[in-house]
Amino acid sequence: MKTSEIIVKKIREDDYAGGTYHQMWNLAYGNGIYVAVGTGGVIRTSNDGKVWVERDSGASESLWSVAYGAGRFVAVGLDVIMSSLAGV
């Protein structure tokens with residue numbers, strides 16, 4: 001299992017334990033921050049890959065992928081593209 005799969009699995013376990021569930025689709029790491037994206041426009045960030053904070057993306061559409069490059073995170077979904085320097 002790849003590190004990214006282990007981290008996404010951990011996020012899912014935390015969701016179930018907290019009584020909520022969002023399918024997380026993709027994960028990126030850059031500038032000392034992990035960023036995960038998923039259904040309903042959910043974005044979660046973490047400094048260590050263990051403790052995650054849910055962020056308000058302002059999108060209701062699912063985000064399918066996230067990447068980091070040139071000092072910027074870019075998340076994409078159906079009819080939505082967003083970018084951020086800080087991952088939020």
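This is a short tour of the structure in your viewer, one selection at a time.

**Before you start**

You are looking at a predicted model, in which local features need pLDDT of at least 70, side-chain atom pairs count only at pLDDT 80 or more, and totals for chains, interfaces and linings use all residues. Residues are numbered from 1 along each chain as its sequence is written, and side-chain values use heavy atoms, with hydrogens and water left out.

**Stop 1: the whole chain**

Show the protein chain as a cartoon. It has 1 helix and 7 strands; helices (H or I, at least four residues) and strands (E, at least two) are DSSP runs, numbered from the N terminus. Following the sequence, you meet them in the pattern α-β-β-β-β-β-β-β. Of the 88 residues in the protein chain, 39% are buried. Here buried means under 20% relative accessible area, exposed means over 50%, and partly exposed lies in between, using a 1.4 Å probe and protein chains only.

**Stop 2: the sheet of strands 5, 6 and 7**

Select residues 63-69, which are strand 5, then residues 72-77 for strand 6, and 80-84 for strand 7. Together they make an open sheet of 3 strands in the order 5-6-7, with antiparallel pairing. Strands 5 and 7 are at the edges with a single partner strand each, so one side of each has no neighbour in the sheet. On average, neighbouring strands here are turned by 15 degrees against each other, direction ignored; the axes are lines fitted to C-alpha atoms, for helices over the stretch in contact, and angles run from 0 to 180 degrees between N-to-C directions.

What holds such strands side by side? Strands of a sheet pair through backbone hydrogen bonds, either parallel or antiparallel. Two strands count as paired if DSSP finds at least two bridges between them.

Zoom in on strands 5 and 6, which are joined by 6 bridges. Pick Ala-67 and you will find Val-74 as its bridge partner in strand 6; for Gly-69 the partner is Arg-72. The hairpin of these strands has 2 residues between them, and Ala-70 takes a positive phi near 55 degrees.

Now move to strands 6 and 7, which pair in the antiparallel sense over 5 bridges. Gly-77 stands opposite Val-80 in strand 7. This pair also forms a hairpin with 2 residues between the strands, and Asp-79 in the turn has a positive phi of about 65 degrees. Turn on the side chains of strand 7 to compare its faces: Val-80, Met-82 and Ser-84 make the covered one, while Ile-81 and Ser-83 make the uncovered one.

**Stop 3: a nonpolar patch**

Select Trp-25, Trp-64 and Leu-78, and show the surface. They make a nonpolar surface patch of about 360 Å². Patches are made of residues with over 30% relative accessible area and no salt bridge, with like charges joined within 9 Å and nonpolar side chains (Val, Leu, Ile, Met, Phe, Trp, Tyr) within 5 Å. Accessible areas come from the Shrake-Rupley method with a 1.4 Å probe, and for residues only the protein chains shown count as cover. Leu-78 sits in the loop between strand 6 and strand 7 and is exposed, at 60% relative accessible area.

**Stop 4: aromatic rings**

How many aromatic pairs does the whole structure hold? There are 4. Rings of Phe, Tyr and Trp (its six-membered ring) pair if their centres lie within 6.5 Å; planes under 30 degrees apart count as stacked, over 60 as edge-to-face and the rest as tilted.

Select Tyr-29 and Tyr-34: the ring centres are 4.6 Å apart and the planes stand at 55 degrees, so this pair is tilted. Add Trp-52, and you have one aromatic cluster of Tyr-29, Tyr-34 and Trp-52. Tyr-29 is partly exposed at 49% relative accessible area.

Next, select Tyr-68 and Phe-73, a tilted pair with 4.7 Å centre to centre and 55 degrees between the planes. Tyr-68 is partly exposed at 31%, whereas Phe-73 is buried at 3%.

**Stop 5: the salt bridge**

Finish with Arg-44 and Glu-54, which form a salt bridge whose closest N and O atoms are 2.9 Å apart. The term means a side-chain nitrogen of Lys or Arg within 4 Å of a carboxyl oxygen of Asp or Glu, and the structure holds 1. Glu-54 lies in strand 4 (residues 53-55) and Arg-44 in strand 3 (residues 43-46), so the pair ties together parts that are 10 residues apart in sequence. Arg-44 is buried at 6%, while Glu-54 is partly exposed at 46%.
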